[in-house]
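Thank you all for coming; I would like to take you through one protein model this morning, going from the whole chain down to single helices and strands. Please have a look at the sequence and the structure before I begin.

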Amino acid sequence: MAGQGTPATALLVKRGIAHRTHPYRVSPDAPNYGALVAVALGVAPERVFKSLVTAVDGALTVAVVPVTGELDLKALAAAVGGKRAALADRAVAERATGYVRGGISPLGQRRRLPTVLDESALDLPTIYVSAGRRGLQLELAAADLVALTDARTAPLQTH
């Protein structure tokens, strides 16, 4: 897998965490990007998670939610003891994480941000998250993601 290294994959290798990388091809400008990634990988869309950088009461926080739903900002704020949450500005998110939109991984970020994982991940054998660049996903156990990011789990998606 030469040429597929990212800070996220390097962290997993360094810590000896079982994972697999999965390359895919989907235009980053495609509508319903996450669902198309699931199709390209041939996996159920509820196993593919997106990492959204948010601001909860002004503090950057990463929400990791299935691509099948939308982030419930009120639920996110409540999960971290805040009052108000909003999506962070794209440039702020990219600068804080060191990754570009469409390739933001919850792992190996430039600045480790508080992370909240949607609790649905805990019911799955493995989940898929960005490996830190467009066109590459990581497959790993949700428990490993929680351990590496010190994530909280909570119901985060709107129904």
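Let me start with the contacts: residues 24 or more positions apart account for 62% of the contacts in the protein with a separation of 6 or more, where a contact means heavy atoms within 4.5 Å. Please keep in mind that this is a predicted model, in which local features need pLDDT of at least 70 and side-chain atom pairs count only at pLDDT 80 or more, while totals for chains, interfaces and linings use all residues. Residues are numbered from 1 along each chain as its sequence is written, and side-chain values use heavy atoms, with hydrogens and water left out.

As for the overall form, the radius of gyration of the protein is 14 Å, which agrees with the value near 15 Å for a compact globule of 159 residues; this radius is taken over C-alpha atoms, and the globule rule is 2.2 Å times the number of residues to the power 0.38. Of the 159 residues, 49% count as buried, and by buried I mean under 20% relative accessible area, with exposed over 50% and partly exposed in between, using a 1.4 Å probe and protein chains only.

The protein has 5 helices and 8 strands, which are DSSP runs numbered from the N terminus, helices being H or I with at least four residues and strands being E with at least two.

How are the strands of the open sheet ordered? There are 5 of them, in the order β4-β2-β3-β5-β8, and the pairing is mixed, where two strands pair if DSSP finds at least two bridges between them. At the edges stand β4 (85-87) and β8 (152-154), each with a single partner strand, so one side of each is left without a neighbour in the sheet. Within this sheet, β5 and β8 pair in the parallel sense over 3 bridges, and the bridge partner of V116 in β8 is R152. Helix α5 packs on the sheet, touching β3, β5 and β8, and its direction makes about 165° with that of β5; the axes here are lines fitted to C-alpha atoms, for helices over the stretch in contact, and angles run from 0 to 180 degrees between N-to-C directions.

Staying with α5, which spans residues 142-149, we find that A142, L145, L148 and T149 are buried. Seen down the axis, these buried residues fall within an arc of 130°, so they line one face of the helix; the arc is that of the directions from the helix axis to the C-beta atoms. On the other side of α5, A143 and A147 are exposed. The general background is that an α-helix has 3.6 residues a turn, so residues three or four places apart point the same way. After α5 comes D150, whose phi is positive, near 55°.

Another helix to look at is α2 (residues 33-41), where Y33, G34, V37, A38 and L41 are buried. These residues cover an arc of only 145° around the axis, which puts them on the same side of α2, and they pack against β1 (20-23), β6 and β7.

That brings me to β6 and β7, which run antiparallel and are joined by 5 bridges. These two strands form a hairpin with 2 residues between them, and G135 in the turn has a positive phi of about 90°. Is β6 mostly covered or uncovered? The strand is mostly covered, since 6 of its 7 residues are buried.
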